[in-house]
Amino acid sequence: MQPVQRSWLYLVSTLMLTITLAPAAAAGIVSLCPAAGIQQRGASFTPGGIILTAFDGASIWVYNIDGNRRYPLPDTNPCGTNCRLSPDARWISYVDAISNTYSKMRLDGTQRTRLIDYAADVLWWTADTLLVWTPAKEAYLQREGDSNREYLDVQGVVEVQPGGRWGLMVEQAGDDFRRALVNLETRDMQGVAGGYIDLGLDTPYYDAASWSPNGQWLAFSAPGVFDTVTNAQGSEIFAVQPDGVIEQWTDLFSTYGATRINGRTNTDLSWSPDSRYIAFWSIELTGPSPEGDTGLATLHVLDTSSRELRSYCGYTTTNHTPNPPRIIWSPDSTHVAFGGDVPRDEKSYLLLALDINSGLFTELSNGIYPTFGGADPVAWGYAP
């Protein structure tokens, strides 16, 4: 997709923000397009470690990168985003297929330890404290090995700040829904200011959002510029800290015109473990429907420190609606991995890894089995 001259109108007012919006910091996009196509892995691949995924519909599977071998884990069921990687990338939370309780294990399936008997989701809030979501959509904090619980006021909240007391809330506003950042401790206190930050309308295909692992930033996509040539609403990535200053981190429109960021799932901006990079898919829009008027999806990585944005043209896909491939990061923040379907290769879905510095894509394995609507890897962590 080449830059074109367009007549356009900035619709920052679409966000209806109640606080100051900082100007865009990204000035352009760096394209990394090595001449070589998708590479086959050699005898070794750096970084190593373990990627959890599914090669059938019965179990979680281990793909051991260093040994280039794979095997299923007994007493597990396939899992998607409800299996959570620990901050040190050495444990994964999962539902035990026998006891139906939340447990944790090393990524090779060893050292299995029960965490919570009854929960809808369990993730690490800090290195030693769990954030537990109940089936009734309540949430509490509990230190590992401790029975004491601290309940949080999470009514309407879909994501809680790692290590902090702010949450991303979605609330009904007439016939629409709005997003806001709320302070979970002060949200119901009368006369307390500064505990609510309006993020604008929550619109399908324009509402991806995720906290950085260190809890400092909430990055979110939102409507940006309206393209009068294609009659399409573009989207950009914005970010906010609990201090209330919203920044615009991308300027995709200047290069591509209107594009869609990721898909229908609203929590899928993929932060690197070191909280420096965000990986996402930018999808061409050819008309007003973000679901039907689409072209190719291209992988992008944003450096949130320098604001440099890179695009990678070694792999593109049209399998992006309702959701493009889920992106996971290597624990050293140098590579991303995802399940990709290359047309006419007869290998089904490939487990692909991208070196974000060189732009090279490598086929690590093949035959990923689609579960939960996509052929997506679960997590990339360290071997014990």
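## Strands and the model

Two strands count as paired if DSSP finds at least two bridges between them, a strand being a DSSP run of E at least two residues long, numbered from the N terminus. This is a predicted model, where local features need pLDDT of at least 70 and side-chain atom pairs count only at pLDDT 80 or more, while totals for chains, interfaces and linings use all residues. Residues are numbered from 1 along each chain as its sequence is written, and side-chain values use heavy atoms, leaving out hydrogens and water.

## Confidence

On pLDDT (the predictor's confidence in each residue, from 0 to 100), the chain averages 90, and 91% of the residues score at least 70. Residues 1–20 are another story: their pLDDT is below 50, though the model still gives this stretch 48 contacts (heavy atoms within 4.5 Å) beyond near neighbours in sequence. Where pLDDT is low, predicted coordinates shouldn't be read in detail.

## The sheet of strands 8 to 10

Let's take the sheet with three strands. It is open, runs in the order 8-9-10 and is paired antiparallel. Strand 8 (91–95) and strand 10 (113–116) sit at the edges, each pairing on one side only. Ignoring direction, neighbouring strands here are turned by 35° against each other on average, with axes being lines fitted to C-alpha atoms and angles running from 0 to 180 degrees between N-to-C directions.

Strand 9 covers residues 102–106 and pairs with strand 8 over five bridges, in the antiparallel sense. One register marker is Ile92, whose bridge partner in strand 9 is Met105. On the strand 10 side, strand 9 is joined by three bridges, again antiparallel, and here Ser103 has Arg114 of strand 10 as its bridge partner. The hairpin of strand 9 and strand 10 has six residues between the strands, and within this hairpin Gly109 takes a positive phi near 90°.

## The sheet of strands 11 to 14

Further along comes an open sheet of four strands, in the order 11-12-13-14, with antiparallel pairing. Its edges are strand 11 (121–124) and strand 14 (150–152), each of which pairs on one side only. From one strand to the next, the twist averages 25°.

Inside this sheet, strand 12 (residues 129–133) pairs with strand 13 (residues 139–143) over five bridges in the antiparallel sense. To fix the register by eye, look at Thr129, which stands opposite Arg143 in strand 13.

## Backbone oddities in loops

Two prolines are worth a look. The peptide bond from Thr46 to Pro47 is cis, with omega near 5°; Pro47 lies in the loop between strand 4 (39–40) and strand 5 (50–53). Thr321 and Pro322 are likewise joined by a cis peptide bond, with omega about 10°, and Pro322 is placed in the loop between strand 27 (309–317) and strand 28 (328–329).

Then there's Asn68, which has a positive phi of about 50° although it is not a glycine. You'll find Asn68 in the loop between strand 6 (61–64) and strand 7 (69–72).

## Cavities

A cavity here is a set of points, on a 1 Å grid over the protein atoms alone, where a 1.4 Å probe fits but cannot get out; its lining residues have an atom within 4 Å of a point. Grid points are joined across faces, edges and corners, and a volume is the space filled by probe spheres set on them. Searching the whole structure turns up two cavities of 30 Å³ or more.

The largest holds about 40 Å³ and is lined by Thr53, Ala54, Ile60, Pro78, Cys79, Tyr369, Thr371, Asp376 and Val378. That lining splits into six nonpolar, two polar and one charged residues, counting Ala, Val, Leu, Ile, Met, Phe, Trp, Tyr, Cys and Pro as nonpolar, Asp, Glu, Lys and Arg as charged, and the others, Gly among them, as polar. The second largest cavity has a volume of about 30 Å³, and Pro34, Ala36, Gly37, Ile38, Gly314, Gly359, Leu360 and Phe361 line it. Five of its lining residues are nonpolar, three are polar and none is charged.

How values were computed
On a 1 Å grid over the protein atoms alone, a cavity is a set of points where a 1.4 Å probe fits but cannot get out, and a pocket is an open set with protein on both sides within 12 Å along at least five of seven lines; lining residues have an atom within 4 Å of a point.
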